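Subject: Structure handover

Hello,

Please find the structure below. My notes on what turned up follow it.

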Amino acid sequence: MKTLLKFLAVATAFGLTPAAIAQDANLAQPKQAEVAQPKAAAAPTDAISAQSQASPAQPQETSDPALANISGEEPSNAQVAKSTYASKVTPQPGIGQPDGRMNLQDQFTPIGEEAAWFHNWLLLPVITAISIFVLVLMLYVIIRYRRKAHPIPSRTTHNTVLEVVWTLVPVLILVVIAVPSIKLLANQYSPPKADLTVKVIGNQWYWTYQYPDNGDFEIVSNGLSEADAKKRGEPRMLAVDERMVVPAGATVKLIVTSNDVIHAFGVPAFWVKMDAVPGRLNETWFKVDKPGLYYGQCYELCGARHAYMPIAVEVVPPAQYAAWVASKGGTMPGAAKPTSSDATQVSPITNPPVPDLTNTSGGSATATSPEPSNVVDAVATAPTSSQGATNSRRGDDQ
């Protein structure tokens with residue numbers, strides 16, 4: 001009993017009454033709950049990171065309320081919801097894919113149209129004419145100078161006219177071919193100003209596409225199996241799980257490289273084919289006005305699964321492209337991601353103080369500025385001494 005009384009006396013001296021002890025115990029419980037709550041909230045993050053490590057080839061979609069609004073206006077309630085993108089582009093027979101024809105695919109870029117004209121209306125006629133001429137000449141020689149019809153062979157060794165003809169004619173043919181050929185090469189390697197840049201990276205055996213102009217996000221494109229391609233209504237060995245998406249009518253610059261061995265990025269309907277070399281950045285471009293789905297392949301033998309890394313480029317209207325970028329967590333040029341709710345926004349000083357040098361009465365000169373709009377402007381518009389204003393003026397004069 002004496003011991004209990006002594007303990008109560010000591011507790012009272014230090015302010016540790018039973019009520020205070022119980023109050024401290026009650027206050028300690030929310031702190032423990034607050035500590036435990038972040039750990040519980042961190043569990044889904046750990047699960048997501050574990051899932052991303054388990055399947056690195058599957059890009060994760062992020063949401064941003066300001067991404068769906070490209071015009072820069074305040075996001076509405078519908079835009080606050082997660083952006084989703086559902087592709088409505090389906091392959092069309094004969095467009096952007098092989099269909100068994102004995103000719104080039106239909107071209108949908110300016111370079112492709114120029115190259116197709118060069119091939120169809122210049123190279124093919126010239127090659128056909130040369131082939132027919134050589135065939136007729138060979139048949140004539142075989143029949144005219146055979147042993148039965150010409151038992152005594154000719155002893156002629158030189159013919160000046162014939163030698164001049166067979167020298168000049170090939171030169172003229174090459175000149176005719178060279179003029180449009182050089183023009184085509186100049187147009188191909190002198191692209192206009194790019195509206196969009198996409199970095200294409202070859203891997204064994206898939207493609208990755210990075211969009212530095214739209215927040216530098218990356219998508220991973222893997223070829224689909226024949227069964228999955230059939231379910232989606234796409235041609236076998238050409239369908240992919242993630243397509244390269246570009247806006248229609250935009251000049252797209254491709255920066256092509258590789259992470260391992262030499263690959264080659266090629267889309268026949270665009271007249272695009274560029275090697276992907278490790279340690280080197282190669283550049284090409286295309287511009288497509290017709291929305292649609294266009295397929296390509298790796299054109300460089302790159303290993304065991306070389307035939308299973310196809311390319312699919314989806315060309316969509318600009319508004320649909322903006323929705324796709326938002327669904328991937330990217331941003332359109334000129335649109336900024338919103339800050340968090342607890343972020344402090346500080347506006348820059350747009351109207352710096354101007355010293356008032358008109359006071360000649362000997363009093364102190366003050367800096368004049370508009371009414372301060374926030375704390376930063378208020379601090380910036382603090383009065384300065386006449387000596388400081390004079391020194392600043394002298395420094396400007398010097």
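I begin with the enclosed space. The largest cavity is lined by Thr-90, Pro-91, Gln-92, Ile-95, Lys-290, Pro-291, Gly-292 and Leu-293. Its volume is about 40 Å³. By class, that lining holds 4 nonpolar residues, 3 polar and 1 charged. Please bear in mind that this is a predicted model.

The count is 2 cavities of 30 Å³ or more. The second largest has a volume of about 30 Å³. Around it sit Ile-111, Gln-188, Phe-270, Trp-271, Val-272, Thr-284 and Trp-285. This lining has 5 nonpolar and 2 polar residues, and no charged ones.

Next, the open space. The largest pocket encloses about 670 Å³. Helix H4 (110–144) and helix H5 (160–188) are the elements that give two or more residues to its lining. The lining comprises 20 residues, and those nearest the pocket centre are Phe-133, Leu-137, Val-141, Leu-162 and Trp-166. Sorted by class, the pocket lining has 14 nonpolar, 5 polar and 1 charged.

Now the chain as a whole. The protein chain has 398 residues, and 30% of them are buried. It contains 9 helices and 12 strands. Take the contacts with a separation of 6 or more: 62% of them join residues 24 or more positions apart.

Strand E5 deserves a paragraph. It covers residues 251–258, and 6 of its 8 residues are buried. E5 has strand E1 (residues 196–203) as a parallel partner, over 7 bridges. In that pairing, Lys-199 stands opposite Ile-255 of E5. E5 also pairs with strand E8 (residues 282–287), in the antiparallel sense, through 6 bridges. There, Thr-251 has Lys-287 of E8 as its bridge partner. As a general point, side chains in a regular strand alternate between the two faces of the sheet.

Two residues are worth opening in the viewer.

The first is Asn-203. It lies in strand E1. Is Asn-203 buried or exposed? It is buried, because its relative accessible area is 5% and the cut-off is under 20%. Its side chain makes a polar contact with the side chain of Asn-259, at 2.7 Å. The Asn-203 side chain also reaches the backbone oxygen of Ile-201, at 3.2 Å. Beyond its neighbours within four places in sequence, Asn-203 is in contact with Thr-208, Asn-259, Asp-260, His-263 and Met-309.

The second is Ala-248. It is found in the loop between strand E4 (244–247) and E5. Ala-248 has 18% relative accessibility, so it counts as buried; the limit is 20%. Which residues does Ala-248 contact, leaving aside its neighbours within four places in sequence? They are Val-288, Asp-289, Pro-291, Val-315, Val-316 and Pro-318. For Val-288, the C-alpha separation from Ala-248 is 5.7 Å, although the two are 40 residues apart along the chain. Pro-291 links back to the opening of these notes: it contacts Ala-248 and lines the largest cavity.

Best wishes

Conventions: Residues are numbered from 1 along each chain as its sequence is written. This is a predicted model: local features need pLDDT of at least 70, side-chain atom pairs count only at pLDDT 80 or more; totals for chains, interfaces and linings use all residues. Side-chain values use heavy atoms; hydrogens and water are left out. Buried means under 20% relative accessible area, exposed over 50%, partly exposed in between (1.4 Å probe, protein chains only). Helices (H or I, at least four residues) and strands (E, at least two) are DSSP runs, numbered from the N terminus. Two strands pair if DSSP finds at least two bridges between them. Contact means heavy atoms within 4.5 Å. A polar contact is a pair of N or O atoms within 3.5 Å; within protein, one must be able to donate a hydrogen and the other to accept it, and residues adjacent in sequence count only if both atoms are side-chain atoms. On a 1 Å grid over the protein atoms alone, a cavity is a set of points where a 1.4 Å probe fits but cannot get out, and a pocket is an open set with protein on both sides within 12 Å along at least five of seven lines; lining residues have an atom within 4 Å of a point. Grid points are joined across faces, edges and corners, and a volume is the space filled by probe spheres set on the points. Ala, Val, Leu, Ile, Met, Phe, Trp, Tyr, Cys and Pro count as nonpolar, Asp, Glu, Lys and Arg as charged, and the others, Gly among them, as polar.
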